[in-house]
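Please look over the structure shown below before reading the notes that follow it. They are grouped by topic, so each group can be checked against the picture in turn.

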Amino acid sequence: MCIRDRRIDVLKAAIVGAAGTPYAHGFFMYDVFFGNDYPDQPPQVEIVTTGGGKVRFNPNLYSTGKVCLSLLGTWRGQSSESWNPKISTFLQVLISIQGVVMSEDVYFNEPGYEREAGTKAGAEKNEAYSNIVRYCNIKYAMIEAIKNPLRGFETALRRHFYLKKEEILKECYSWVERAKTYKADYTGLVGTHNGEWAGKFSKEGEYESMLKKVITELEAELQKLSPPSVKDVVKQEDDSSQKVQKQVSYQEETKMEIEESQPAKKANVEPKQNFEQEEEDYNDYNYEQNQEQEDEYDDYQYQNEEEEEEYHEDVEQDQDYEQSSDQIEQELSLIHISEPTRQAEISYAVFCLKKKK
């Protein structure tokens, strides 16, 4: 897979066809987009390897790029086959495309046609569809891929075809031998999906002849490949590291631009001087903080002293009031008046005394 710079929601994926299938060893490219609703909803996937829209590689792989798969929500399958955000993954999508779609049963991937499996007519239709896939696999997923590798896949593609070239050619030549013995029927669904190729291959011996020619062209391209070097691998790893670094630093670019727009500091300031200045600023900050805390503590202490003085004054006044009240009561006791009148006179005299003070 290859992720675009600054867009981790868009990537390209290469799926190599499994040996023993019409897609064997082909380098099939796919575009993938993860929407804002992922993983609640499946990603969007399109096949890029279509020969410029000239071939439909499978009933589920359209020449327009559409990938028809229930896991992607592009086909109504059973609930167990649909996307489940709790357990479904993108890896599951890739495996389903390679293992289920890009299989040897090409013709039977069309819904409703699986009932023809095991019949002579079904086998001949599947062979015809598979012949088209085999030829176009060599032409577009091998030769075209080698001549025009997609950016980001150059090293992986070159290593794949160089290291497996003997195995690839062996399987391709086995397809030529197969064409001599297996019958193919290019009518019906096969002609509907790939009319141009079906029209060519339906002619006697045409498929075998064209297959030999395209294999010769593939062999020539494989011979041109140079052995993969450690330098290529290291370079690819360095490029990947740079991409990762770009993605990580992307979120910091705005901050860096703001800082760069501010007046630049003097260029002759040494790192040591900057450190001393930072240390001095830090000490000044601590001094100011401590001074503020001391001032607040002094204010608190002063406030407590004032409240304590007021308290003692109130206590002294209460004591004076109590003594005055006792004195007035003793003086009035010498006068022969009624008890209610005496109490009223005492209260009034104390009130006047408080008001005067």
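Cys172 has a relative accessible area of 1% and is therefore buried, since a residue counts as buried when that value is under 20%. This residue belongs to a predicted model, and the points below move from its cysteines to the chain as a whole, then to strands, loops, a helix and the empty spaces.

**Cysteines**
- Like Cys172, which is buried, Cys136 also counts as buried, because its relative accessibility is 0%.
- A disulfide is a covalent bond between the sulfur atoms of two cysteines.
- When the whole structure is searched for such links, 0 disulfides are found.

**The chain as a whole**
- The chain has 357 residues, and buried residues make up 32% of them.
- Its secondary structure consists of 11 helices and 4 strands.
- Among the contacts in the chain with a separation of 6 or more, 63% are between residues that are 24 or more positions apart.

**Strand 3 and its partners**
- Strand 3, which covers residues 27–33, has 5 of its 7 residues buried, so this strand is largely enclosed by the rest of the structure.
- Strand 2 (residues 7–16) runs antiparallel to strand 3, and 7 bridges join the two; in this pairing Val16 stands opposite Phe27 of strand 3.
- Strand 3 also pairs with strand 4 (residues 44–47), again in the antiparallel sense and over 4 bridges, and here Asp31 stands opposite Glu46 of strand 4.

**Two loops with unusual backbone geometry**
- Most residues other than glycine have a negative phi, and most peptide bonds are trans.
- His25, found in the loop between strand 2 and strand 3, has a positive phi near 70° although this residue is not a glycine.
- His25 is also buried, because its relative accessible area is 4%, which is under the 20% cut-off.
- In the loop between strand 3 and strand 4 lies Pro39, which is joined to Tyr38 by a cis peptide bond with an omega of about 10°.

**Glu221 in helix 7**
- Glu221 is part of helix 7, which spans residues 206–224.
- Although Glu221 carries a side chain of the charged class, this residue counts as buried, because its relative accessibility is 10%.
- When neighbours within four places in sequence are left aside, Glu221 is in contact with Ile143, Ile146 and Lys147.

**The cavity**
- The structure holds 1 cavity of 30 Å³ or more, and the space in the largest cavity comes to about 30 Å³.
- The residues that line the largest cavity are Glu127, Asn131, Arg134, Trp175, Arg178, Ala179 and Tyr207, and by class they divide into 3 nonpolar, 1 polar and 3 charged.
- Helix 2 (120–147) and helix 4 (165–181) each supply at least two residues of this lining.

**The second largest pocket**
- The second largest pocket contains about 450 Å³ of space.
- This pocket is lined by 22 residues, of which Leu69, Ser70, Trp75, Glu81 and Val100 are the closest to its centre.
- By class, the lining of the second largest pocket has 8 nonpolar, 11 polar and 3 charged residues.

Note on methods:
Residues are numbered from 1 along each chain as its sequence is written. This is a predicted model: local features need pLDDT of at least 70, side-chain atom pairs count only at pLDDT 80 or more; totals for chains, interfaces and linings use all residues. Side-chain values use heavy atoms; hydrogens and water are left out. On a 1 Å grid over the protein atoms alone, a cavity is a set of points where a 1.4 Å probe fits but cannot get out, and a pocket is an open set with protein on both sides within 12 Å along at least five of seven lines; lining residues have an atom within 4 Å of a point. Grid points are joined across faces, edges and corners, and a volume is the space filled by probe spheres set on the points. A disulfide is a pair of cysteine sulfur atoms within 2.5 Å. Buried means under 20% relative accessible area, exposed over 50%, partly exposed in between (1.4 Å probe, protein chains only). Contact means heavy atoms within 4.5 Å. Two strands pair if DSSP finds at least two bridges between them.
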